Amino acid sequence: MEEVARGSEGAAGDAVTPGSKRDVTHASGKLPVRTKASLLDSGEDVEMSNDDTDEEDTSELPSLEVLGLPEVQDADEENPESSIRKMNEEAGSRAANQDSSQETDDEWLQVLGNGLLKKKVLVAGQSQEPRPQKGQNVTVRLKMTLEDGTEVEEDPNLCFTVGDGDVIQALDLCVQLMDQNEVALIVSDAKYAYGSLGSSEPSVPSNATVHLEVQLLSVGDSPDLELLSGKERLLLANKKRERGNTYFLRNEYVSAISSYDIALNIINSSSKVDFLEGEEKELMNVKVKCLNNLAAAQLKLEHFEAALKSSNAALQHQPNNVKALFRKGKAIQAELSQVMRKQSEQRITEQAMYRKMLGDIAVPPRCQPSRSSWVCEFKNCFYFPFTLGPG
């Protein structure tokens, strides 16, 4: 009986009644399993307060200031108006940057669409006036610089004919997109300027990008060739011929041929003005020079038939012209070489066809003279102990 009484007292002592000050929790704040079993056994209703939850007590943890960490502000404590204002400012700044970059791109005109030649208008011109066309003469103010700002050329009155190749290709193309009195900035890759060779006059290094500041001063029609005097015609033809020589020395043979053709057209055009005897002779000498140089450029491009025609034209005026004879010989030799090569290729094709038709029966080779013999004999006919360049 005493043991039962003590057991009932222990059970009654372990029970927690409302308002009791006895704490049945451990130091961790969790209810022990034994206490829960006792409460269930007692059959009494238990009301748990907020202090009796399973959460750990963080009252004794050090603060963030002691640890040196910034305090985290609750989302509810942030000012919504300042957040919205900040977002609007960021969006406005992004939009402004996009607009400024778009405006910068819109200022440049991609002339060829490949990014290698572009033009920007610095001062607008007179748009009501027609723009320059091919064959017209223009006068521009030119200032050329490199990418590092080094000035390489400045000409306050540069005159040239549009489309004749008198200037670099970048200027020749872009001037056709300018209005009267317009000031434009042109940025050109080396491909449309001085290429991989560069230039000694003006001093431009190889593969250099150039910046051209151009002002279109005047536009006018080219002079009527029929009304030019002998001296004017001679000066103009020599100018085109010398430009062709410049292209020839730069290995730009197509442009050289174009310049020589323009010079010959100036000389051969009819005239309504009587020339002096000395002027006619000088014009004939310039014509022969242009024909010889034209033949040389055509040989470089392996246009042998055209080179032979140009050489014959020069020999009609000066039958003993050394350069014309030399280039005629080279053209004939090259044409003979082509004929021999075609015959050899045809013979090989025929032999292959015979083998296919007759099986393994060998086709006896035809007796033919060695190529070296006739080449040496032919070279001896046109032997010149010096080099002949453009005249």
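Colleague: Which elements cover the buried residues of α6?

Modeller: This is a predicted model. In it, the buried residues of α6 include Leu234, Ala237, Arg241 and Phe248. The elements that cover the buried residues of α6 include β4 (151-161), α7 (253-268) and α8 (277-300).

Colleague: What length does α6 reach from its first C-alpha to its last?

Modeller: Helix α6 runs over residues 230-249, which is 20 residues. At 1.5 Å a residue, 28 Å is expected. The span in the model is close to that, at 29 Å.

Colleague: Why might residues three or four places apart in a helix point the same way?

Modeller: The buried residues of α6 include Arg233, Ala237, Arg241 and Gly244. A general rule applies to such spacing: residues three or four places apart point the same way because an α-helix has, per turn, 3.6 residues.

Colleague: What is the phi of asparagine 251?

Modeller: Asparagine 251 comes just after α6, in the loop between α6 and α7. The residue is not a glycine, yet its phi is positive. The value is near 65 degrees.

Colleague: Is asparagine 181 buried, exposed or partly exposed?

Modeller: Asparagine 181 sits in the loop between α5 (169-174) and β5, and has a positive phi of about 65 degrees although it is not a glycine. Its relative accessible area is 31%. Buried would need under 20% and exposed over 50%, so asparagine 181 is partly exposed.

Colleague: Which peptide bond is cis, with omega near 5 degrees?

Modeller: The proline concerned lies in the loop between β5 (183-188) and β6 (210-220). That residue is proline 202. The cis bond runs from glutamate 201 to proline 202.

Colleague: Which element supplies the largest share of the largest nonpolar core?

Modeller: The largest nonpolar core has 28 residues, of which Phe160, Leu171 and Leu212 touch the most other members. At least two residues each come from β3 (137-146), β4, α5, β5 and β6. The largest share is 5 residues, and the element that supplies it is β3.

Colleague: Which residues does leucine 171 touch, leaving out those up to four places away in sequence?

Modeller: Leucine 171 is one of the residues that touch the most other members of the largest nonpolar core. Outside its own stretch of sequence, leucine 171 touches Leu142, Leu158, Phe160, Leu212 and Val214.

Colleague: How many residues are in the other core, which lies apart?

Modeller: In soluble globular proteins, nonpolar side chains tend to be buried together. Here another core lies apart from the largest one, with Tyr260, Ile266, Leu283 and Leu291 among its members. Its number of residues is 24.

Notes
Residues are numbered from 1 along each chain as its sequence is written. This is a predicted model: local features need pLDDT of at least 70, side-chain atom pairs count only at pLDDT 80 or more; totals for chains, interfaces and linings use all residues. Side-chain values use heavy atoms; hydrogens and water are left out. Helices (H or I, at least four residues) and strands (E, at least two) are DSSP runs, numbered from the N terminus. The expected span of a helix is 1.5 Å times one less than its number of residues. Buried means under 20% relative accessible area, exposed over 50%, partly exposed in between (1.4 Å probe, protein chains only). Contact means heavy atoms within 4.5 Å. A nonpolar core is a set of buried Ala, Val, Leu, Ile, Met, Phe, Trp, Tyr and Cys residues joined through side-chain atoms within 4.5 Å.
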